[in-house]
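Please open the structure in your viewer and keep the selection tool at hand. The stops below say what to select next and what can be found there.

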Amino acid sequence: MTVEQAPAPAGGRAAWAREVERAFAKAPERAAARRTPSGLPREPLYAPAAADAAFEARVGWPGEPPFLRGVQATMYRGRLWTMRQYAGFGTPAQTNARFKTLLEAGQTGLSVAFDLPTQIGYDSDAGVALGEVGKVGVPISTIDDMEELLEGIPLDRVSISMTINASAVVLLALVVAVARRRGLAPDALRGTIQNDILKEYIARGTFRFPIAPSMRLVTDTFRYAAAAMPRWNPISISGYHIREAGSTAPQELAFTFADAVAYVEAARAAGLDPDLFMPQLSFFFAAHSDLLEETAKFRAARRLWASLARDRLGAKDPASWRCRFHVQTGGVTLTARQPQVNVVRVALQALSAVLGGCQSLHTNGMDEALSLPTEASALLALRTQQVIAYESGAADTIDPLGGSWAVEAMTDQVEAEARRLLERIDAAGGMVAAIEAGLPQGLIQRAAYEHQQAVERGDRVVVGVNRFQVDDEAAPAPFRVDEAIAAERTARLAAFRAARDPAAVARHLDGLAAAARAPGAPLVEPIVAAVLDRVTLGEIMGTLAGVFGEYEGADHY
Amino acid sequence: MTTPEAPGRAAPIRVLIGKPGLDGHNRGARVIVQALRDAGMEVIYTGIRRSPEQIVEAAVSEDVDAVGLSCLSGAHMALFPRIADGLRAAGAGDVALFCGGTIPREDAPALEAAGYRGVFGPDTPLERIVEFVRAHARRRDLGA
């Protein structure tokens, strides 16, 4: 890593101070942050009295390139991160009730978990949905389902993040359609679709179409969001699942940014100006248990993306260089043994996300090694964030570990290793070619196996698993989804399909197939029109699969 | 691959590791594939998102001695017994069955009754799974 690769600083401390004033005029400073519990003054930011050129280039100021210390000038000294718990199960009505419980408990944004049939683009009554309906998330097949899911949620005030990829365009259309029924235009909506299809081929597995038409769907949502949804993130480029699959921290950054580069290049090839859509790109990382390495990773992510966005992708607007990200604590670090210990793991992981300057955060429930969280564990997980936010003081100073010799050195190391891996992806012909050759998958697999062997040898201690075990553990009662839901959903879909104009459905699907066959034709708009006329998710995805084909090439080993 | 994995056996144990349903979590399955291969077994991995019928067909055509299934989506009770039934119907009822994933402890008795002699939860040491397969894999008639 060389100093020259970091984007040049804009204006140093003075520019930062001006920006702080502007920001506090809009959203006042949190007064409680100004003093420690002992009554001592607490500055928003600590930095060397005399910042030299190397400091300006490598570290700099919050809200200023290279954004090492944060993407906003005031960070949590102004507004805390969004507490956004991933939730969804059973039926749209059950999930809506859980959302309301979480919002009443102080959650500040929504994050929707969809079941696997919805994520891959099948209606709940499809044969392949056997056993999966409502299990890992909420099933959404129709506009009526989406309406029920969002009942009573103010779509112009609460931001909604949706973990949806292969079928992201349809779920986006469903939200736009429900908003339209309520008289809200798309530009009033705040939220995110994950829409990161490349990592599905690498690590997560909910792909549907081959890579090229999938990339076309992604760039079409960039186009639509840039034109019609300025407050919406049309993608959340995700290292989380890459990490869950076994990668190291630098691999997580490298593969995420390699995916990001591929999306930007695809959008540019489709005729979009990078500065038109790049400010709307968002990212998603995991927080694992090594507190300092994880904090360093989050800081390194910002500096690395600022450099890639400016130098490699040619973005001119500093807003395009900002790596804004969501964090989730590491599901794979949770243990089935002594599950209460997971509360401590989650707290430490969440602390690293806050010390690392995340924009939103999900904390896992302690029972998630074995099932979805019960309501009680989901609330305890939210309380964990609230303790960090309001009691720990970690949120009261911007980038409080900045300047620590250990953390700065680790930040440099993680970034350098990620850059080395990015070069390897480039040498393989870019990320799409690397995925087709199985390169990231193979590196992740090797890291996962090495980790497991280290645990088995006892070189890596997992408390309660390979040390400090107890013999007879009472297993907590796991959360259960009602198995009767699949039959109810089938009946509901039959009634929904009976109450629509079949000619209109056929017309929409024919039009959509024609648009899919025409290279570069817009797809979001005809899908919004179709769902408004009661065409289902499965029908739309099936029609697209008829044109695009199904992806067959994943997970050979 | 050709290392005899147990004294007195001439042919390596053949194992199929399957991922039925729509679940994409493959980390555990792939780690187990690697561990069984390192233990000298021949392992066929189906990849993710296979139907119960595809898994039965692969197990029969690959003539395996054991089948291990992984599911982390909560669909195991709908999928695993179906695969055990399919194997029996296809005349492969002597294949050793085992499974793992996010399987609540209270589901183990029903899975055992369906034919899964090994039900392994999270945090299971790889050695235990390797030993299970060695102990329970179908014995081949090597005289033919």
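Two strands count as paired if DSSP finds at least two bridges between them, and the strands themselves (E, at least two residues), like the helices (H or I, at least four residues), are DSSP runs numbered from the N terminus. Residues are numbered from 1 along each chain as its sequence is written, while chains are lettered from A and ligands numbered from 1 in the order in which they are written. What you see is a predicted model, in which local features need pLDDT of at least 70 and side-chain atom pairs count only at pLDDT 80 or more, whereas totals for chains, interfaces and linings use all residues.

**First stop: the sheet in chain A**

Select β7(A) and β8(A), which run parallel and are joined by four bridges. On β7(A), A:Ile237 stands opposite A:Phe283 in β8(A). Now show the side chains of β7(A): A:Ile235 and A:Ile237 point one way, A:Ser236 and A:Ser238 point the other way, and all are buried. Buried here means that 20 or more other C-beta atoms lie within 10 Å of the residue's own, exposed means 12 or fewer, and partly exposed is in between, with C-beta atoms placed from the backbone.

Extend the selection to strand β9 of chain A, residues 325–329, which pairs in the parallel sense with strand β8, residues 281–287, over five bridges. Within this selection, A:Phe285 stands opposite A:Val327 in β9(A). These strands belong to an open sheet of five strands in chain A, with parallel pairing and the order β1-β10-β9-β8-β7. Which strands stand at the edges of the sheet? They are β1 (82–83) and β7 (235–238) of chain A, each of which has a single partner strand, so one side of each is left without a neighbour in the sheet.

**Second stop: domains and loops of chain A**

Colour domain 1 of chain A (3–55) and domain 2 of chain A (80–193 + 482–557) separately; these bounds come from an automatic or database domain assignment. The C-alpha centres of the two domains lie 42 Å apart.

Next select A:Lys26, which is found in helix α1 of chain A, residues 12–26. A:Lys26 has 9 other C-beta atoms within 10 Å and is therefore exposed. Add A:Gly78 to the selection: its C-alpha atom and that of A:Lys26 are separated by 9.5 Å, although the two residues are 52 apart along the chain.

For the backbone, it helps to know that most residues other than glycine have a negative phi, and that most peptide bonds are trans. Go to A:Pro66, in the loop between α2 (53–58) and β1 of chain A, where the peptide bond from A:Pro65 to A:Pro66 is cis, with omega near 5°. Then move to A:Arg534, in the loop between α20 (524–532) and α21 (537–548) of chain A. Phi of A:Arg534 is near 70°, a positive value in a residue other than glycine, and this residue is partly exposed because 18 other C-beta atoms lie within 10 Å.

**Third stop: chain B**

Hide chain A and look at chain B, whose mean pLDDT is 92, with 90% of its residues reaching 70 or more; pLDDT is the predictor's confidence in each residue, from 0 to 100. Chain B has five helices and five strands, and from the N terminus its elements run β-α-β-α-β-α-β-α-β-α. The C-alpha trace spans about 40 × 35 × 25 Å along its principal axes, and of the 144 residues of chain B, 52% count as buried.

Select B:Asp63, in the loop between α2 (52–61) and β3 (66–71) of chain B. Phi of B:Asp63 is near 55°, again a positive value in a residue other than glycine. Is B:Asp63 buried or exposed? B:Asp63 counts as exposed, because it has 12 C-beta neighbours inside 10 Å.

**Last stop: where the chains meet**

Show both chains again, for which the predictor gives the complex an ipTM of 0.92 and a pTM of 0.95. The contact takes 33 residues from chain A and 28 residues from chain B, where two residues are in contact if their C-beta atoms, placed from the backbone, lie within 7 Å. On the side of chain A that touches chain B, α4 (116–120) and α17 (439–457) of chain A each supply at least two residues, and the largest share, five residues, comes from α17(A).
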